[in-house]
Amino acid sequence: TLPLPDACLDLVTAFSVFTHIEAFDTTWLSEIRRILKPGGIAWLTIHGDRTWREVNPEWPLWKPLDEHPDYQKDRHHAEIPRPRTVYRWRADRSYSANVFYSYDYIHTVWGRLMEIVEIRPAIPAYQDVVILRK
């Protein structure tokens, strides 16, 4: 839990956070919902359907993805291969992940927790913004 009281914020932003949350995305989203006031807005970036279709060598996520064996198997798919697709790297001290969310996943799963106001493409070029309202 975040060290904040319930319903204390009008706006929460998470830039390039959900793009790396490999597990418990709905737990994090529930915590954001808890700290938002009624009508509050969550502004979250994701790697979405558009990111999957347009990923290219100029983007920061290209090199690690291009070297990941699971991505090498999946990259021929025109659409994200699974509604929530995770590519994970492990090292001695830490791990990291790149996570792709289909827009359908956002609407059907995240939409149960908060109202999906809009998904805005390309903010920045390699991520989309999901705007949610409590």
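Helices (H or I, at least four residues) and strands (E, at least two) are DSSP runs, numbered from the N terminus. This is a predicted model: local features need pLDDT of at least 70, side-chain atom pairs count only at pLDDT 80 or more, and totals for chains, interfaces and linings use all residues. Residues are numbered from 1 along each chain as its sequence is written, and side-chain values use heavy atoms, with hydrogens and water left out.

**Figure 1. The whole chain, with 5 helices and 6 strands.** From start to end, the elements run β-α-β-α-α-α-β-β-α-β-β. The C-alpha atoms fill a box of roughly 45 × 35 × 25 Å along the principal axes. The radius of gyration is taken over C-alpha atoms, and the globule rule is 2.2 Å times the number of residues to the power 0.38. For 134 residues, a compact globule would come out near 14 Å; the chain has 15 Å, which agrees. Contact means heavy atoms within 4.5 Å. Among contacts with a separation of 6 or more, 64% join residues 24 or more positions apart.

**Figure 2. Surface and charge of the chain.** Accessible areas come from the Shrake-Rupley method with a 1.4 Å probe; for residues, only the protein chains shown count as cover. The chain exposes about 7500 Å². Carbon and sulfur atoms supply 54% of that area. Buried means under 20% relative accessible area, exposed means over 50%, and partly exposed lies in between (1.4 Å probe, protein chains only). Of the 134 residues, 40% count as buried. For charges, Lys and Arg count as positive and Asp and Glu as negative; His and the chain ends are not counted. Each charge is placed at NZ of Lys, CZ of Arg, CG of Asp or CD of Glu. The chain has 17 positive and 18 negative charges, and their mean positions are 4 Å apart.

**Figure 3. The buried side of helix H1 (residues 25–35).** Asp25, Leu29, Glu31, Ile32 and Ile35 are buried in this helix. They share one side of H1, because they cover an arc of only 155 degrees around the axis. The arc is that of the directions from the helix axis to the C-beta atoms.

**Figure 4. Two residues with positive phi, Ala7 and Ser16.** Most residues other than glycine have a negative phi. Ala7 has a phi near 50 degrees. Ala7 sits in the segment before strand E1 (9–14). Its relative accessible area is 32%, so Ala7 is partly exposed. Ser16 has a phi of about 60 degrees, again positive in a residue that is not a glycine. The loop between E1 and H1 holds Ser16. Ser16 is partly exposed too, at 23% relative accessibility.

**Figure 5. Phe24, in the loop between E1 and H1.** Phe24 has a relative accessible area of 62%, so this residue is exposed. Trp43 is 19 residues away along the chain, and the C-alpha atoms of Phe24 and Trp43 are separated by 18 Å.

**Figure 6. Trp59 and Glu58 in the loop between H2 and H3.** The loop joins helix H2 (49–54) and helix H3 (62–67). Trp59 is buried, at 11% relative accessibility. Leaving out residues up to four places away in sequence, Trp59 touches Arg50, Thr51, Glu54, Ala125 and Tyr126. Trp59 and Pro69 are 10 residues apart along the chain, with 19 Å between their C-alpha atoms. Glu58 is exposed, with a relative accessible area of 74%. Glu58 and Met114 are 56 residues apart in sequence and 33 Å apart in space, C-alpha to C-alpha.

**Figure 7. Asp74, a buried residue of helix H4 (residues 69–74).** Its relative accessibility is 9%, so Asp74 counts as buried. Beyond its neighbours within four places in sequence, Asp74 contacts Trp52, Pro81, Arg82, Thr85 and Tyr87.

**Figure 8. Pro121, in the loop between strand E5 (115–120) and strand E6 (128–133).** Pro121 touches Arg50, Gln127 and Asp128, not counting residues up to four places away in sequence. Arg50 is 71 residues away along the chain, yet the C-alpha atoms of Pro121 and Arg50 are separated by 7.3 Å. Arg50 is also one of the residues that Trp59 touches.
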